[in-house]
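Thank you for asking me to look through this structure with you. Please keep the sequence and the 3D view side by side while you read the points that follow.

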Amino acid sequence: MSSHRIAVIPGDGIGREVVPAARAVLDAVTARHAVSFEYEEFDWSCGGYLRDGTMMPPDGIERLRSFDAIFLGAVGDPRVPDHVSLWGLLIPIRRAFRQYVNLRPARLFPGVDGPLRAGSAIDLVVVRENVEGEYSEIGGRLSRGFPDEMAVQEAVFTRPGVTRIVDYALELAAGRSGRLTSATKSNGIVHTMPFWDEIVSERAAAHSTVEVTREHIDALCAKVVLDPGRFDVIVGSNLFGDILSDLTAAVTGSIGMAPSANLNPERDFPSMFEPVHGSAPDIAGRGVANPVGAIWSAAMMLDHLGHREAGAEVVDAIAATLADGSVRTPDLGGTATTGEFTGAVVAALGQR
Ligand SMILES: NC(=O)c1ccc[n+]([C@@H]2O[C@H](COP(=O)([O-])OP(=O)(O)OC[C@H]3O[C@@H](n4cnc5c(N)ncnc54)[C@H](O)[C@@H]3O)[C@@H](O)[C@H]2O)c1
């Protein structure tokens, strides 16, 4: 039996509701595939910050280091500024463990009505650069409280950082449709984005089987709304990838459905799996959160740990449950609870 140690951080709000849902599906699928997961739970969250003044303890990264993977719900609380929760937990984990690939698939499942006119099949992956770019700590505030108060924030694009994310996206595209779209804005952002474009062109020349298209991020957003079916793999910087993947989640039905993997492809450190959505304070505590994003993220974790068949079985069970249509959470127009939907996914495992 293959066995793995998983660190679990449920976090805040609906994170604490969708993580048990993903664990229930994992328990069922691992039992079917002779895989053993040993979980250790870490109660690091905004709730913890309000209690102790820190999002995670000073040795938090060291405590996570020996795990095979990290599974996270969501962090965020209206009483805690969002940059505190992001920079106190998520970003330190992504950076300390060199999780430079943020993989965010989006698929319009049969039976789900997206917000767009019917007709377009959507099955794409956003590859977001995850450790540099616009989300940098370099900068500061000056003249606080005076009329001439100012803020400066530097974007950081390094040759190795751009090269490795573009190479990852090219290889992913080569294994799918052979088409890659690069999100840019080199008409307006005159230093970093032309640099990004240059490296995309260089790396594309080295992967001649992949057809690479360049789109400015604003036009790309419009095209994702007008004709999402034309895209397969899209690579973008930290900020562009972040915004674009919320959009691709929205056009496939609900932000609650979108999964993500923060990958350290070299496997020197644990990778982290989490739904794209946040803690959703507006629905937290009601037991109605859509658990698909978390369950699909768990399937991506199975894939990463080498259990492709088990991962595919989970995605098939999600698809079958959505196609059946009788059990749906309210964000998809249904009345099912998180637990009822999860039960239906567990029941659908291995049915195909
Ligand atoms: N990775 C993370 O932990 C993460 C990501 C995004 C936002 N956040 C944090 O979460 C908090 C709330 O942020 P927000 O409101 O901008 O985004 P959000 O994703 O929490 O919610 C946006 C909207 O989508 C709905 N929604 C989200 N997930 C859903 C699900 N699974 N099922 C049904 N509906 C769902 C919510 O009810 C809300 O109306 C903030 O503190 C933010 O910083 C955390």
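In which helix is the place of Thr321? The numbered points begin with that residue and then turn to the helices and to two loop residues.

1. Before anything else, please bear in mind that this is a predicted model. Thr321 has its place in helix 10, and with a relative accessibility of 6% it counts as buried, because the cut-off for that word is under 20%. A polar atom of the Thr321 side chain lies 2.7 Å from the backbone oxygen of Ala317.

2. The surroundings of Thr321 are worth following in the 3D view, leaving aside residues up to four places away in sequence. With that exclusion, Thr321 touches Val327, Phe341, Ala344, Val345 and Ala348. One of these, Val345, also appears among the helix 11 residues that meet helix 1, as point 5 describes.

3. Helix 9, which spans residues 292-304, has an axis that comes within 7 Å of the axis of helix 10, and the two cross at roughly 160°. Angles over 145 degrees count as roughly antiparallel, and helix 9 and helix 10 are therefore described in that way. Their crossing is left-handed. On the side of helix 9 the contact is made by Val292, Ile295, Trp296, Ala299, Leu302 and Asp303, while helix 10 contributes Arg308, Ala310, Gly311, Val314, Val315 and Ile318. Sorted by class, the residues of this contact are nine nonpolar, one polar and two charged.

4. Helix 10, residues 308-324, is also approached by helix 1, since their axes come within 10 Å and cross at roughly 135°. That angle makes helix 1 oblique to helix 10, and helix 1 passes helix 10 in a right-handed crossing. Val25, Val29 and Arg32 of helix 1 make the contact with Ala310, Glu313 and Val314 of helix 10. The residues here divide into four nonpolar, no polar and two charged. Ala310 and Val314 are thus worth marking in the view, because they are listed both in this contact and in the contact with helix 9.

5. How do the axes of helix 1 and helix 11 cross, and at roughly what angle? Helix 1 covers residues 15-32 and helix 11 covers residues 338-348, and their axes come within 10 Å and cross at roughly 15°. That makes helix 1 roughly parallel to helix 11, and the crossing of helix 1 past helix 11 is right-handed. In this contact Glu17, Ala21, Ala24, Val25 and Ala28 of helix 1 meet Thr338, Thr342, Val345 and Val346 of helix 11. By class, the contact has six nonpolar, two polar and one charged residues. Val25 of helix 1 is listed here and also in the contact with helix 10.

6. Two loop residues deserve a careful look at their backbone angles. Arg98, in the loop between helix 4 (82-96) and strand 4 (101-107), has a phi near 45°, which is a positive value in a residue other than glycine. Ser143, in the loop between strand 6 (139-142) and strand 7 (150-153), has a phi near 55°, again a positive value in a residue other than glycine. The relative accessible area of Ser143 is 31%, and Ser143 is described as partly exposed.

Notes. Residues are numbered from 1 along each chain as its sequence is written. This is a predicted model: local features need pLDDT of at least 70, side-chain atom pairs count only at pLDDT 80 or more; totals for chains, interfaces and linings use all residues. Side-chain values use heavy atoms; hydrogens and water are left out. Axes are lines fitted to C-alpha atoms, for helices over the stretch in contact, and angles run from 0 to 180 degrees between N-to-C directions. Helices (H or I, at least four residues) and strands (E, at least two) are DSSP runs, numbered from the N terminus. Angles under 35 degrees count as roughly parallel, over 145 as roughly antiparallel, 65 to 115 as roughly perpendicular and the rest as oblique. A crossing is left-handed if the near helix is turned anticlockwise from the far one by less than a right angle, and right-handed if clockwise. Contact means heavy atoms within 4.5 Å. Ala, Val, Leu, Ile, Met, Phe, Trp, Tyr, Cys and Pro count as nonpolar, Asp, Glu, Lys and Arg as charged, and the others, Gly among them, as polar. Buried means under 20% relative accessible area, exposed over 50%, partly exposed in between (1.4 Å probe, protein chains only). A polar contact is a pair of N or O atoms within 3.5 Å; within protein, one must be able to donate a hydrogen and the other to accept it, and residues adjacent in sequence count only if both atoms are side-chain atoms.
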